[in-house]
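Please open the model in your viewer and keep the sequence panel beside it, since this tour moves from one selection to the next.

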Amino acid sequence: MKNRAPLSLHIPEPKHRPGDRPDFSDIKVPKAGEMRRPDINVAAKDTLDLAYSLIRVLGEDNEVHGPWAPMLDLELMKRGLRNMMTTRIYDDRMYRAQRQGKTSFYMKCTGEEAIAVAQAAALDAEDMCFPTYRQQGLLIARGYPMVDMMCQVYSNERDPLKGRQLPIMYSSKKHGFFSIAGNLAMHFAQAVGWAMASAYKNDDRIVSTWIGDGSTAEGDFHTALVFAAVYRAPVILNIVNNQWAISSYQGIAGGEESTFAARGVGHGIPSLRVDGNDFLAVYAVTKWAADRARANLGPTVIEHFTYRAEGHSTSDDPSRYRPADEAKAWPLGDPIDRLKKHLIALGKWSDAEHTALEKEIDEQIRAAQKEAESHGTLGSGKLPSVKTMFEDVYKEMPWHIRRQRQEMGV
Amino acid sequence: MATMNMIQALNSAMDAMLTKNADVLIFGEDVGYFGGVFRATDGLQKKHGRQRCFDSPIGEAGIVATAIGMAAYGLKPVIEIQFADYIYPAYDQIVSAAARLRYRSAGDFTCPLTLRSPYGGGIFGGQTHSQSPEALFTHVCGIKTVIPSNPYDAKGLLISAIEDADPVMFFEPKRIYNGPFDGHHDKPVQPWSKHPLSDVPDGYYTVPLGKAGIAREGNDLTVLAYGTMVHVALAAAQETGIDAEIVDLRTLIPVDIETITQSIEKTGRCVIVHEATRTSGFGAELTALVQENCFYHLEAPIERVTGWDTPYPHAFEWQYFPGPDRVADAMRRAMEA
């Protein structure tokens, strides 16, 4: 026997489980405005401090601070507020529809609305998005018809995807929104290819793509960073660190020993870590990254530090693996509430206006839902023709699929 | 017209497509300046520029993923996976994305990429440079799988693959890159220049996907083969004196059921030959198709000659490789049944 301590295996464990009092006092929250804003042609290694800190603009005083303050016009902020509120209310309606048995599955993005909505505002409408499954705010911000979104969720006769995809796996080329897949991280590297194509064609469109903290553990995430760095692809590589991958906390994805943003620096990609619940900060870092991409300076990694306020999907109960009130203890607040308070602090918004807007959106969504449901809900029998099941496997239907369709008698 | 071996024909196909279509671009490991480990892209970077033909990192998943993104954008990427044995890191990208993109987006996004990859044995490559993984792809709906057996077809099929609207797996039998190897490893291989199908037009032409060729007409028995095995089957026919009709499938998916059916209705006997392992190999699908479509014309059980269900062993190359003697034995069994 050698005179050494035996080896021991480390299994990361979150600080709080059901029954514990959530305490996030270990999370260092820098003051808004504290972080420097480098020039867009900064070297990756010179962003290391930014990759390990947190860029924040909106302070506790509801005012903007520091060099990252984007100085947005009021209309843009009001539109952002409306889009975030629409996303949240839409989520609530669809979640309820699933509970009412109108569809099989739903995923909310509650607490994370600022990410998709502020980024949509910072990008051009023509820029291409390769989202994962919690960026429905992009479609809402880009004006995709809500009835179509709902018809997709209901897999009904008007479903643009003809009943082929799990609810929320939207696709709209017209709105620059790439088809969502359940196989995580794959699209992250595909986004790099789209960006390379845009550069190859001397186009002026850039790409933004999103991945969760959990799926950064996939090889495709790292592959995407390698290819993006090698070819200086005009792409924004967003990591949405919402702390939870279903029931696994971000430490299981390797978030304990480093930040997710820091992954980018090692690949030679300038990397930022941002308060993902701060609409203005998210807008500012996205604009910075977009400017880099447009100037042929290549990719940027952005870690959005946020919190998944609800379950992963309709299929899990988060109170089984984390304290039920953990969301309330999250130190970075709620993105809608923070932007609302900022607008009020500017003297350009009020609680009464906010409540009125909430009601207006709610009515719009109820009307859209009524229309969508007139085309059927899952299991209601109103479906696309079953013939369409055999279409689009290939451009031209080959003989063997035609024969199988005939075998089915349609 | 020029006399070309398989490599030259493939190179000529890519050259023609780079010239014809500015949306065609080529990338993969070592394919740029160096021109590929098998020289298939030799000179293309010099002629067409670095942006049209370039090196990729050693990351098969990344090569396929970026090609999917490019194809979704509207380009026509032609990518090389250096050996088919290295394709597995990219399998998820091929199966879950490339093959499904048209379907899952209801035609909104498509994926017209071409993936070239040398495959097959007979080169003492051991288990990591000899595999024939085609059945892993023929099992997946949404992709096409193509395997040429001679220079003329190689060029025409590759051009068709590049122009196809859907993703195409283009497997190249590397043992016959330089000559139509017939499985007689102890005899010198004739160069392609002595073979009529090495006469290849210089410019653009196509050989359609989904159409088999007849490598040898015959009346006694049908051999279904592709790639190197077409030449092995030709040798076996000659050596046995059996008047075999040798169908060169060329495209595995969608397979040319008409040509297969017509041939077997004529001969009543069927031998299926491939290098890949037997169980769940493409021969299993062919056997089922022949049974479903030609049962009442069959006069003998269907024979399968394949690689054994073991990894490809380095030292037992010729015991593993389904050579002309094994094919000949199967042909005799089919004739005697």
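The domain bounds used on this tour come from an automatic or database domain assignment. Begin by selecting chain A, which is divided into domain 1 (44-312 + 327-379) and domain 2 (385-410); the centres of these two domains of chain A, taken over C-alpha atoms, are separated by 37 Å. What you see is a predicted model, in which local features need pLDDT of at least 70 and side-chain atom pairs count only at pLDDT 80 or more, while totals for chains, interfaces and linings use all residues. Residues are numbered from 1 along each chain as its sequence is written, chains are lettered from A and ligands numbered from 1 in the order in which they are written, and side-chain values use heavy atoms, with hydrogens and water left out.

Next, stay in chain A and select the strands; helices (H or I, at least four residues) and strands (E, at least two) are DSSP runs, numbered from the N terminus. Five strands of chain A form an open sheet in the order S1-S2-S3-S7-S6, with parallel pairing, where two strands pair if DSSP finds at least two bridges between them. The edge strands, each pairing on one side only, are S1 (128-130) and S6 (271-275) of chain A. Neighbouring strands of this sheet are turned by 20 degrees against each other on average, direction ignored; axes are lines fitted to C-alpha atoms, for helices over the stretch in contact, and angles run from 0 to 180 degrees between N-to-C directions.

Now select S6(A) together with S7(A) (residues 300-305), which pair in the parallel sense over five bridges, and look for Arg273(A), which stands opposite Glu303(A) in S7(A).

Then add helix H6 (residues 186-200) of chain A, which lies across S1, S2 (207-212) and S3 (235-241) of chain A and runs at about 170 degrees to S2(A).

Move on to helices H2 (residues 74-99) and H12 (residues 351-374) of chain A, whose axes come within 10 Å and cross at roughly 45 degrees. H2(A) and H12(A) are therefore oblique to each other, because angles under 35 degrees count as roughly parallel, over 145 as roughly antiparallel, 65 to 115 as roughly perpendicular and the rest as oblique. Among the residues that make the contact (heavy atoms within 4.5 Å) are Leu81(A) and Met85(A) of H2(A), and Leu357(A) and Ile361(A) of H12(A).

Finally, select chain B, which is divided into domain 1 (2-200) and domain 2 (213-336); the C-alpha centres of these two domains of chain B lie 24 Å apart, and their contact takes 35 residues from domain 1 and 27 residues from domain 2 of chain B.
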